[in-house]
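Open the model in a viewer and keep the sequence alongside. The stops below are given in the order in which to select them.

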Amino acid sequence: MTRFLLPLFGFIGLVVLLAVGLKLDPREVPSPFIGKPAPAFSLSHLHDDTKNFSPAKMKGKVWLFNVWASWCVSCRQEHPLLMELAKSKQVPIFGLNYKDDQNNAMLWLKQWGNPYQASAFDPEGGVGIDWGVYGVPETFVIDQEGIVRHKHIGVLKQSDLDETIMPMVKKLQSTGQQS
Amino acid sequence: MKLIYLITFLFSFNAYAGVEVQTFDNQQQEQTYKKLVDELRCLVCQNQNLADSNAELAQDLRKKIVEMIEAGKSEQQIVDYMVARYGDFVLYRPPLNKNTFLLWAGPFLILLMGLIVLAVFVTRQKNRDKPSLSEEQQQRARKLLDEDEGDD
């Protein structure tokens, strides 16, 4: 009996292993920033050269940092979701306009709506490198202490917001009030 | 015809213009650069290193490496810089830690498993070759066989 059972179990094991492997997305590289302070920078606002944005200014708030560009096709896909989220005022969203042309970027926001309280303008992509950005769009969750809590790579889906990001934001916001 | 070939050859050199040319002050820096772009992964096209990839991010990272080398940073410092931003994944030769233990030890574990299976198989085979008859039964068998031959 074991003669047949052994290969069968081996086969089932292999199928499970391969099935799990199929579900994994190799593009989702775990970010080394999770649980670490968000990299500091200071960039001018996309809309206003005289103003500077830096993560340090956001201390005490839970916020989302969304990396976007007008040339990024998939950013269009998640854009309605960000608009909706911004309208609900549950969490402030800031943008990092990554390797973009200033005029194109502003036109893009005008055309499709601007969900960002402000966008930091990073035409050279230097801040992008500091934040380990390699595929736009990317979305970070940052807590009151300025610690990166979560990184989402690629297009945000409703399910990502509902299941991961918003519960995390809510939890972080409530812990902030207690302390 | 020859002229056409000549022209084609002349223009074919334009292909090289796509890759930026890096010049360094000394041989040492160039060696470091070559080693680094060879061993660091481009995260956009994940199966290419920085030297192979023409993705924008790879270009930016190459530029960054050049800047850092020129600023006198050591090879280790540059590797640390990349790992701090992109994680161990950026290294084509991942370090040995608890996440990568299976990766490094896996082949040896599989080899060990193979050896065990082989050993079990060989000992079983040996046992099967051994006659399972007792001395007395063997004598009887021989006798029967001899009788058989005699009949022929």
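Helices here are DSSP runs of H or I with at least four residues, numbered from the N terminus. The model is a predicted one.

**Chain B as a whole.** Select chain B and colour by secondary structure. Six helices and zero strands appear, in the order α-α-α-α-α-α along the sequence. Of its 152 residues, 13% count as buried. Among contacts between residues at least 6 apart in sequence, 39% join residues at least 24 apart.

**The two domains.** Now colour residues 20-90 and 101-151 of chain B separately; the domain assignment gives these as domain 1 and domain 2. Their centres, taken over C-alpha atoms, are separated by 57 Å.

**Helix H3 of chain B.** Select residues 56-70 of chain B, which form H3. The end C-alpha atoms of this helix lie 21 Å apart, in agreement with the 21 Å expected because 15 residues are spaced at 1.5 Å a residue.

Show side chains for B:Leu57, B:Ala58, B:Leu61, B:Arg62, B:Ile65 and B:Ile69, the buried residues of H3(B). They cover an arc of only 135° around the axis, so they sit on the same side of H3(B). An α-helix has 3.6 residues a turn, so residues three or four places apart point the same way.

What do the buried residues of H3(B) pack against? Add residues 27-39 and 75-86 of chain B to the selection: these are helices H2 and H4, and both are packed against by the buried residues of H3(B).

Turn to the face of H3(B) directed away from its buried side, where the exposed residues B:Glu56 and B:Glu67 are found. Then step past the helix to B:Gly72, which follows H3(B) and has a positive phi, near 85°.

**The contact between the chains.** Bring chain A into view and select the contact, to which chain B gives 11 residues and chain A gives 11 residues. On the chain B side, H3 and H4 each supply at least two of the residues that touch chain A. That side of chain B divides into six nonpolar, two polar and three charged residues.

**The largest nonpolar core.** Which residues touch the most other members of this core? Select A:Phe65, A:Phe94, A:Tyr98, A:Val136, A:Ile142, B:Leu43 and B:Ile65: of the 55 residues in the core, these do. B:Ile65 has already appeared among the buried residues of H3(B).

Finish at A:Phe94. Leaving aside residues up to four places away in sequence, A:Phe94 touches A:Phe53, A:Trp63, A:Phe65, A:Tyr116, A:Gln117 and A:Ala118.

Note on methods
Residues numbered from 1 in each chain as written. Chains lettered and ligands numbered in written order. Predicted model: local features only at pLDDT ≥ 70, side-chain atom pairs only at ≥ 80, totals over all residues. Expected span 1.5 Å × (residues − 1). Buried ≥ 20, exposed ≤ 12 C-beta atoms within 10 Å, placed from the backbone. Arc of directions from axis to C-beta. Contact = placed C-beta atoms within 7 Å. Nonpolar A, V, L, I, M, F, W, Y, C, P; charged D, E, K, R; others polar. Core = buried A, V, L, I, M, F, W, Y, C linked by C-beta atoms within 7 Å. Domains from an automatic or database assignment.
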